[in-house]
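Student: I am new to this structure and would love a close look at one part of it. Could you take me through the salt bridges and what surrounds them?

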Amino acid sequence: MRKEKAENERERLRQEELKKNALSSFGDGVKKLENGNLSDLTGGVNWKITLSIIIVLILVFFIYTIFS
């Protein structure tokens, strides 16, 4: 059996906990939505894709401000 990376193990344990406590995880999700958490937004996406999304959002914002 191969050892999991710590990050993968944490994510697996988090997903198992969410399945066990669906109602409480809904409340946690609402709280996280209010505070905002980029890691929950991106989920298991790697950092390169997350960086690409952020750059695209910044570019769209600048293009919008220039043409409006």
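Tutor: Happy to; we start with the whole chain and then turn to the salt bridges.

This is a predicted model, in which local features need pLDDT of at least 70 and side-chain atom pairs count only at pLDDT 80 or more, while totals for chains, interfaces and linings use all residues. Residues are numbered from 1 along each chain as its sequence is written, and side-chain values use heavy atoms, with hydrogens and water left out.

The chain has four helices and zero strands, giving the pattern α-α-α-α along the sequence. Helices (H or I, at least four residues) and strands (E, at least two) are DSSP runs, numbered from the N terminus. Of its 68 residues, 4% count as buried. Here buried means under 20% relative accessible area, exposed means over 50%, and partly exposed lies in between, with a 1.4 Å probe and protein chains only. The accessible surface comes to about 6700 Å², and 65% of that belongs to carbon and sulfur atoms; such areas come from the Shrake-Rupley method with a 1.4 Å probe, and for residues only the protein chains shown count as cover.

Now to the part you asked about. A salt bridge is a side-chain nitrogen of Lys or Arg within 4 Å of a carboxyl oxygen of Asp or Glu, and the count comes to two.

One of them joins Glu11 to Arg14, with the closest N and O atoms 3.2 Å apart. Both residues sit in helix H1 (residues 6-20), three residues apart, or about one turn of the helix. Glu11 is partly exposed at 28% relative accessibility, and Arg14 is partly exposed at 31%.

Another pairs Arg12 with Glu16, and here the closest N and O atoms are 3.1 Å apart. Because Arg12 and Glu16 are four residues apart in helix H1, about one helical turn separates them. Arg12 counts as partly exposed at 34% relative accessibility, and Glu16 is partly exposed at 36%.

Elsewhere on the surface there is a nonpolar patch of about 1200 Å², whose members include Trp47, Ile55, Phe61 and Phe67. Patches are made of residues with over 30% relative accessible area and no salt bridge; like charges are joined within 9 Å, and nonpolar side chains (Val, Leu, Ile, Met, Phe, Trp, Tyr) within 5 Å. Ile55 lies in helix H4 (residues 47-67) and, at 42% relative accessibility, counts as partly exposed.
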